[in-house]
Amino acid sequence: MLFLTRWRLLLKIINSGLLWSAIFIAIVLTILVSIVNHPVIILGIYEIGFTLVAILIFSQLILVEVEEGILKWLMALPLNKWTFLLQRWLAAVILLLGLFTSSIAVVHGQLGELSMKQLYFEALAPSFFLGNVAIVSTLIGRSASAGLGIPLFYVAFETLSRGSISKAFFLFNTTISINAVDQVLNRQMIWISSFVILGICGILLMRPGLRR
């Protein structure tokens, strides 16, 4: 029974509108990059655009269980909550990296002086950070609107403020308006914060209030 339920939920996730929307946006971004011939603009497209892709993918990792009201039932079963979370998270990571790598492979000739470090270490950092924020938002808000709304608000806030408020913790290199910022340290902070947020997700899954 548990096996069939988990596979049914997995198939529902795979066939969700959010997932297909993420794939569609990734294709549109790839087309945009193939048209543009400027490294800074290309980096911005990947940095901000794939953040939207990540939010769509990560926000629905446990959305099906939340919407169907069976998350409490699943968490009450004798299964490892961390294993459950990491399996879903790794599936989202593989999909995100697959879309990102496929896009780079298609437009490789347009990347010019952009290095793989810039693309994977710098451009993908905001995607993982806000993707994990989307998971936490879904768990706390118990709805798709929370899972999508909070990280999308963060994207708009960061883009419009251009890092003037978040300062050293800015998300997008291509929109930053302040100088004398250690960009390497900034990316390291964002990556570390991403895994801290993932840990918070695990703690939220294990809280007693979720299992009653």
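The legends below describe an overview and several close-up views of a predicted model.

**Figure 1. Overview of the predicted chain, which holds 11 helices and 0 strands.** Read along the sequence, the pattern is α-α-α-α-α-α-α-α-α-α-α. The chain has 212 residues, and 49% of them are buried. Among contacts with a separation of 6 or more, 74% join residues 24 or more positions apart. The structure also holds 10 aromatic pairs, and some of these appear in the close-up views.

**Figure 2. Close-up of helix 3 (residues 39–58) and the pair formed by Phe-50 and Phe-100.** Helix 3 has 20 residues. From its first C-alpha to its last, helix 3 reaches 28 Å, close to the 28 Å expected at 1.5 Å a residue. Helix 3 is mostly covered, with 15 of its 20 residues buried. The structure holds 10 aromatic pairs. One of them joins Phe-50 and Phe-100, with ring centres 5.1 Å apart and 85 degrees between the planes, an edge-to-face arrangement. Phe-50 belongs to helix 3 and Phe-100 to helix 6 (residues 81–106), so the pair links distant parts of the chain, 50 residues apart. Both Phe-50 and Phe-100 are buried.

**Figure 3. Close-up of the aromatic pair of Phe-129 and Phe-169.** The pair is edge-to-face, at 5.5 Å centre to centre and 70 degrees between the planes. Phe-129 lies in helix 8, whereas Phe-169 is in the loop between helix 9 (144–161) and helix 10 (183–206), so the pair ties together parts that are 40 residues apart in sequence. Phe-129 has a relative accessible area of 6% and is therefore buried, the cut-off being under 20%.

**Figure 4. Close-up of helix 8 and the residue that follows its end.** Helix 8 has 17 residues and reaches 24 Å from its first C-alpha to its last, close to the 24 Å expected at 1.5 Å a residue. Because 15 of these 17 residues are buried, helix 8 is largely enclosed by the rest of the structure. Arg-142, just after helix 8, takes a positive phi of about 55 degrees.

**Figure 5. Close-up of the contact between helix 7 (residues 116–123) and helix 8 (residues 125–141).** The two axes come within 5 Å and cross at roughly 20 degrees. Helix 7 is therefore roughly parallel to helix 8, a term that applies to angles under 35 degrees. Helix 7 contributes Phe-121, Glu-122 and Ala-123 to the contact, and helix 8 contributes Ala-125, Pro-126 and Ser-127. By class, the contact residues divide into 4 nonpolar, 1 polar and 1 charged.

**Figure 6. Close-up of the contact between helix 7 and helix 10.** The axes of helix 7 and helix 10 come within 10 Å and cross at roughly 50 degrees, so the two helices are oblique to each other. On the helix 7 side the contact is made by Tyr-120, Phe-121 and Glu-122. On the helix 10 side it is made by Val-184, Arg-187, Gln-188 and Trp-191. The contact has 4 nonpolar, 1 polar and 2 charged residues.

**Figure 7. Close-up of an aromatic cluster that includes Trp-191.** Phe-58, Trp-89, Phe-128, Trp-191 and Phe-195 form one cluster. Trp-191 of helix 10 also takes part in the contact with helix 7.

**Figure 8. Close-up of Leu-152 in helix 9.** Leu-152 has a relative accessible area of 38% and so counts as partly exposed, being between the cut-offs of 20% and 50%. Leaving aside residues up to four places away in sequence, Leu-152 touches Leu-52 and Ile-55. The C-alpha atoms of Leu-152 and Leu-130 are 8.4 Å apart in space, and the two residues are 22 residues apart in sequence.

**Figure 9. Close-up of Met-189 in helix 10.** Met-189 is partly exposed, at 30% relative accessibility. Leaving aside residues up to four places away in sequence, Met-189 touches Ala-168 and Phe-169. Met-189 and Ala-168 are 21 residues apart along the chain, and their C-alpha atoms are separated by 9.1 Å. Phe-169, the other residue touched, is also the partner of Phe-129 in an edge-to-face aromatic pair.

How values were computed: Residues numbered from 1 in each chain as written. Predicted model: local features only at pLDDT ≥ 70, side-chain atom pairs only at ≥ 80, totals over all residues. Heavy atoms only, no water. Axes fitted to C-alpha atoms, helices over the stretch in contact; angles between N-to-C directions. Helix = DSSP H or I, 4+ residues; strand = E, 2+ residues; numbered from the N terminus. Parallel < 35°, antiparallel > 145°, perpendicular 65-115°, else oblique. Contact = heavy atoms within 4.5 Å. Nonpolar A, V, L, I, M, F, W, Y, C, P; charged D, E, K, R; others polar. Expected span 1.5 Å × (residues − 1). Buried < 20%, exposed > 50% of the residue type's maximum accessible area, 1.4 Å probe, protein only. Phe/Tyr/Trp six-rings, centres within 6.5 Å; stacked < 30°, edge-to-face > 60°.
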